[in-house]
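Reader: Hey, got a minute to walk me through this one? I'd like the overall picture before we get into details.

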Amino acid sequence: MYYKLTMLKKLIITSIWIFSFVFNAYAGSDGELALNKDKPNEINDCFEKLNRATFSFNQGIDKAIIKPIAKGYRNLPIPIQRGTKNAVTNLSTLITIPNNVLQGDVKSAIINTGRLVVNTTVGLLGTIDVANKMGFPKYERENYGQTLGAWGVGPGCFFVLPVLGPSTIRDTAGSFANVLGGDPWYNASIHGNNEFLGEGVYLTSKALDGVNFRSENLESLDNLETNSIDFYASIRSLYLQDRENKIQNDQRGKVEVIYKDDNDWEEIDNK
């Protein structure tokens, strides 16, 4: 019985971790969904029939596991939610900094290194965003898929991976960089031989990142599904447009669905 419960726990944590990879790929830097109002470039959906079938399968997983957990997370005290978000965002800086360097943005790399040091120490392992209170510039997440795009690598075919969700050839290649040495947190947790860190700690941190994101975007994703004639096409467009926005570092012409207060949402048109 204990073995079965342990396996179930790992399955749930892993599913949430995978979910966080999916949606953080097109989430805003602070967990916001952003959709450019301009028409997207021609979509290269090479495997649409298979993609739609996989998309339906993934939606079942979300409704059965991820969404209920995210709703429960919403009931936690706001300080706990905020501290969790700050902590996982602080960990993401470990991936952002090398990508700042790879993209030639040394200034942002220095700023984000300072942010990481301040929040990890004074901010109690990142649970308090002291850097923001000190006036550091707004934090923007970067990853290896964005770096490849900045280097001129095209997205390639769009496809939906089982459980992993929406991606492109470029972004999938970029995600592999995390487990091939590009993510210091992964290295320290999985390969660090440290008694305080391990696989469970790493998966839990990723799971919390995914739950936090899903919780913040419960209404926006529900509204998108309700108001979309074709939810698959809407998600595909959202993913591809937002990835392009991040590669171009373009904040113009977006409609952002943002989480204002405890249960208050607002759309802002940034022109």
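Author: Sure. This is a predicted model, where local features need pLDDT of at least 70, side-chain atom pairs count only at pLDDT 80 or more, and totals for chains, interfaces and linings use all residues. Residues are numbered from 1 along each chain as its sequence is written, and side-chain values use heavy atoms, with hydrogens and water left out.

Reader: OK, what's the secondary structure of the protein chain?

Author: Eleven helices and five strands, taken as DSSP runs numbered from the N terminus (helices are H or I, at least four residues; strands are E, at least two).

Reader: And how much of the chain counts as buried?

Author: 45% of its 271 residues. Buried is under 20% relative accessible area, exposed is over 50%, and partly exposed is in between, with a 1.4 Å probe and protein chains only.

Reader: What share of the contacts is between residues 24 or more positions apart?

Author: 69% of the contacts with a separation of 6 or more; a contact means heavy atoms within 4.5 Å.

Reader: Switching topic: where is Leu 124?

Author: In the loop between helix H4 (106-121) and helix H5 (130-133). Leu 124 has a positive phi of about 55°.

Reader: Why bring up the sign of phi?

Author: Because most residues other than glycine have a negative phi.

Reader: Is Leu 124 buried or exposed?

Author: Exposed, at a relative accessible area of 53%.

Reader: What about phi of Leu 125?

Author: Positive too, near 60°. Leu 125 also sits in the loop between H4 and H5, and it is exposed at 63% relative accessibility.
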